[in-house]
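Trainee: Could you take me through one part of this model in detail? I would like to follow how a pair of packed helices is described.

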Amino acid sequence: MTEKKQNYLTYPKGIMSWLLTLDHKRIGIMYLVGGIIFFFIGGLVALGMRLELAAPGNDFMSNDAYNNMMTLHGAIMIFLFIIPAIPGALGNILLPLMLGAKDVAFPRLNLFSFYLYTLGAIFAIYTILSGGVDTGWTFYTPYSTQSTSNVIPMTIGVFIIGFSSILTGLNFIATVHKMRIPGLTWYKLPLFVWALYGTSLVQITATPVIAITMVLLMLERFLGIGIFDPALGGDPVLYQHFFWFYSHPAVYIMILPAFGIISEIIPVHSRKKIWGYKFIAYSTLSIAFIGFLVWGHHMFTAGQSVLSQIVFSFITYFVGIPTGVKIFSWILTMYKGQVSFTPPMLYALSFLFLFTIGGLTGIFLGAVALDIHLHDTYFVVAHFHYVMQGGTIVAFLGGLHHWWPKSFGKMYNHTIANICALGVFLGFNGTFFPQFLLGLRGMPRRYATYDEQFVELHSYSSFWSGILGLSIFFAILNLVWSLRKNNKLNPGTNPWGAMTLEWTHTSSPPHPHNFEEDPILEHGPYDYDKVIVKPTFKK
Amino acid sequence: MSHDKSSPSFLQHHFHDVNQQYETAKLGMWAFILTEVLTFGGLFCAYTIYRSWYPDMFVGANLLLDVNKGLLNTVVLITSSLTMALAIWAIQKKNKKLSLLMLIATFLFALAFLVIKYLEYSHKFEVGQLPGEYYSYMGPEVAHINNPHIFFSIYFIMTGLHGLHVAIGMGLIAWLIYSTAKGNLHSKYYTPMEMIGIFWHLVDLIWIYLFPLFYLI
């Protein structure tokens, strides 16, 4: 039986077997590579901006160049990295494995999603090479209908990637409903699956609206249809409503998978059953639902009625309830557990700290009176970076370290990984905490230059952003370096002693068809109180 | 791990049985229908907002649309929905010939819909009842109303997107005709026909909303 030794990375061979693969694991790896490339481009752009902001005045960038940089940073990070990366990469690799399935429900559609993502990415790259776009990632009208920069290719890219996102969501929903092995009931699913399910629901319900909004925006530029143009009887605020009706739920497309990752890492590395399984599962769905009702809080200063301001503000607070439920559940999971400070766990702990700050400052911004003061300042910038980077990207890095040995069958150097995790945590706080203070003192966002009074905090932020960038760079380099041929660290099939199907029932890296024989469910995903599963990796 | 020789050829490798495959396809299709409804939902929302802002303009501008052609198209499309349903019924009853006939009828009705739509559009292009900036019609009917170009923007976007769906549907139906004729679809496996049928009914349903909203009220 030579087939036993095969794994999906080495069988079948050849570049075409990768490009035309229907294997969810390979598609996941391709998303991972694509996502990380754009993560680096977006990150370099961000470091360029921080360098410009290290001192007041236009040091090496003109205002126009800065506008381009900030738009590209936002658009690339959101549309090409954060939204597709976790569901596309980790979701694709893990979802069928966690369900005991041989593949996602629609493998060809899955590959098609990946190529749509690639096509969208080509439009984005074209936009960068042909001079960029200067509207900000939100493409607000009426400026976006008048700007002479490359709004059209970028919005086409967003439109196409939207379809990729819809199809992935649709695929995952069908997979979760129909591809589970017998006995794997809803309450026995790993929480990462619940998180992906919630994410997919938001993807298929919100993304069509951004798609049609982008179409309207393009038509406004081509034909002057007058829907968003006040000169023709239209209303630019309507654009903002349409845009945020998608883009607020999109925030949950970005954060829910991160919650799922944390729900997996914490029980495994604390050797303890997750606290409040159903609470975490249902809080995922309620966040997905409430997320659709709060878009107006992005528009408190855009000319809403006082009534709608109050209503949106009120509903916004409700998001805090399920989110708080999750945070407390994770903390209670660690309580009296055997917490080991492995690299994934360090990222999970960073996440708890950073995301809590991000979440709480969201409450500040949800309050109408305070928001009118803080709107369009660095406070907002700091807030959403605490959520997006401190939350999603830190969780993504944690998940990457957690499932790296599963995906590639190799273990990375833990000492370097731990140092980098610490560097990410310190660098992140050093970069973004000063920005809260800048915002409170009135520094507006989206400017290349600033007043002398802000120089201290800005240069501090810029300094730490360098540490942050280097830490992330070396963290990923450390992972990639583990793939070298003479790497002697052998993780075994289940290095952390986890209990979900992807660890207990298949080799690392998995067989091309996932499982050598149909898996039979023996215990729940977090039954650390009932069964002992020994970690196969000892430092 | 792969299926044994007794499994039917249309069963894909990653499904356990035919029923799982069918149920999965159906769920995926309904999820897709949901995304379609939301896509059009954004436009229906724009329609509602502009109608509430400019009620008189909408009432005035809709008189410029050709109700007879709209009505004819409604009849054509509803009939095509019927023939689509009959095609599925026929293939369930192992009547390949009738199924093919009904599919071809559906295709022709779809074509008729687009031809009528083309006639309508080309008349509007001639007289300058065009979206947005390109609007130039200044006839007596619109002498007293403001911003009729917005009505035509929304009209062209919504009916245009719907027309695009009809065209895509025609492509899919053509593929069904080919597959049924070749014998790939039969009484034991007609899932694609059923799924495309659902899509086609959605296209019909959207028109049933578009027709009164633009032509009648």
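Mentor: We start with the chain as a whole, then look at one helix pair, and end at the contact between chains. Keep in mind that this is a predicted model.

Chain A has 16 helices and zero strands. Its radius of gyration is 23 Å, close to the 24 Å that the globule rule gives for 539 residues, so chain A is as compact as a globular protein of that length. The C-alpha trace of chain A spans about 70 × 45 × 45 Å along its principal axes. Of the 539 residues in chain A, 58% count as buried. Now take the contacts in chain A between residues at least 6 apart in sequence: 85% of them join residues at least 24 apart.

Now the helix pair. Two packed helices are described by the angle between their axes and the distance between the axes. Our pair is H10 (residues 306–334) and H11 (residues 343–366), both of chain A. Their axes come within 10 Å and cross at roughly 165 degrees. Angles over 145 degrees count as roughly antiparallel. H10(A) and H11(A) are therefore roughly antiparallel to each other. The crossing of H10(A) past H11(A) is left-handed.

Which residues make the contact between H10(A) and H11(A)? From H10(A) come A:Ser313, A:Thr316, A:Tyr317, A:Gly320, A:Thr323, A:Ile327 and A:Trp330. H11(A) brings A:Leu352, A:Thr356, A:Gly359, A:Ile363 and A:Gly366. Sorted by class, this contact of H10(A) with H11(A) has five nonpolar, seven polar and no charged residues.

Next, the contact between the chains. Chain A gives 31 residues to it, and chain B gives 27. On the side of chain B that touches chain A, helix H1 (18–53) and helix H5 (148–182) of chain B each supply at least two residues. The largest share of that side comes from H1(B), with 15 residues. By class, the side of chain B that touches chain A has 13 nonpolar, twelve polar and two charged residues.

Last, one residue of H1 in chain B: B:Val18. Is B:Val18 buried or partly exposed? B:Val18 has 15 C-beta neighbours inside 10 Å, so this residue counts as partly exposed. Leaving aside neighbours within four places in sequence, B:Val18 is in contact with B:Pro8 and B:Leu11. B:Ser7 lies eleven residues from B:Val18 along the chain, and their C-alpha atoms are separated by 8.7 Å.

Definitions and conventions
Residues numbered from 1 in each chain as written. Chains lettered and ligands numbered in written order. Predicted model: local features only at pLDDT ≥ 70, side-chain atom pairs only at ≥ 80, totals over all residues. Helix = DSSP H or I, 4+ residues; strand = E, 2+ residues; numbered from the N terminus. Rg over C-alpha atoms; globule rule 2.2 N^0.38 Å. Buried ≥ 20, exposed ≤ 12 C-beta atoms within 10 Å, placed from the backbone. Contact = placed C-beta atoms within 7 Å. Axes fitted to C-alpha atoms, helices over the stretch in contact; angles between N-to-C directions. Parallel < 35°, antiparallel > 145°, perpendicular 65-115°, else oblique. Left-handed = near helix turned anticlockwise from the far one by under 90°. Nonpolar A, V, L, I, M, F, W, Y, C, P; charged D, E, K, R; others polar.
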